Amino acid sequence: MFASTLIEELAKRQGHIVTVNTFNYGATGVLAMVQADYITVVESTGYGLYDSQNIPVESIQSAFFPA
């Protein structure tokens, strides 16, 4: 139940900056894609350099959207 609610809320904010925390990993970047079992966060390190991370929904402990 929680996973479906989380997916719905994340899908509403696709394209925004997000900070996602898991048990042993934290990522900050643009929420690029939301799927049923994972999300994709694109982390930018400067001009033209980026790294995309696929994060399983079941491993997400928290997600923050800066104001």
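Of the 67 residues in the chain, 25% count as buried. The model is a predicted one, and the fold it shows is simple to lay out: the secondary structure comes to 1 helix and 5 strands. Followed along the sequence, these elements come in the pattern α-β-β-β-β-β. The radius of gyration is 11 Å, close to the 11 Å that the globule rule gives for 67 residues, so the chain is as compact as a globular protein of that length. Along the principal axes, the C-alpha atoms fill a box of roughly 40 × 25 × 20 Å. The accessible surface comes to about 4,600 Å², and 57% of that belongs to carbon and sulfur atoms. As for contacts between residues at least 6 apart in sequence, 37% join residues at least 24 apart.

The helix is a good place to start. Helix α1 takes in residues 2-12, and within this helix L6, I7 and L10 are buried. These three cover an arc of only 100 degrees around the axis, which puts them on the same side of α1. The spacing fits a general rule. An α-helix has 3.6 residues a turn, so residues three or four places apart point the same way. On the other side of α1, the picture flips, with E8 and K12 exposed. What, then, covers the buried residues of α1? The cover includes three strands, namely β2 (26-34), β3 (38-44) and β5 (60-64).

Next come the strands themselves. β1 and β2 run antiparallel and are joined by 5 bridges. The two make a hairpin, with 3 residues between them. One of the pairings sets V18 against G29, its bridge partner in β2. β2 also pairs with β3, again in the antiparallel sense, this time over 4 bridges. That pair is a hairpin too, and 3 residues lie between its strands. Here L31 stands opposite V41 of β3.

Both L31 and V41 turn up again in the largest nonpolar core. This core has 13 residues, and the ones that touch the most other members are L10, V20, L31, I39, V41, I55 and I60. Elements giving two or more residues to the core are α1, β1 (17-22), β2 and β3. L10, already met as a buried residue of α1, is thus on the list of those touching the most other core members. I55 is worth a closer look. Setting aside neighbours within four places in sequence, I55 is in contact with V20, T22, Y25, A27, Y38, I39, V41 and I60. Among these partners, V20, I39, V41 and I60 are named alongside I55 as core residues with the most contacts to other members.

A last residue to consider is T28, which sits in strand β2. Is T28 buried, exposed or partly exposed? With a relative accessible area of 46%, T28 counts as partly exposed, because the cut-offs are under 20% for buried and over 50% for exposed. Not counting residues up to four places away in sequence, T28 touches I17, V18, T19, V41 and E43. V18 in this group is the residue whose bridge partner is G29, and V41 is the one that L31 stands opposite in β3. E58 is another matter: this residue and T28 are 30 residues apart along the chain, and their C-alpha atoms are separated by 18 Å.

Conventions
Residues numbered from 1 in each chain as written. Predicted model: local features only at pLDDT ≥ 70, side-chain atom pairs only at ≥ 80, totals over all residues. Heavy atoms only, no water. Buried < 20%, exposed > 50% of the residue type's maximum accessible area, 1.4 Å probe, protein only. Arc of directions from axis to C-beta. Contact = heavy atoms within 4.5 Å. Rg over C-alpha atoms; globule rule 2.2 N^0.38 Å. Areas by Shrake-Rupley, 256 points an atom, 1.4 Å probe, with all protein chains shown as cover. Core = buried A, V, L, I, M, F, W, Y, C linked by side-chain atoms within 4.5 Å. Pairing = 2+ DSSP bridges.
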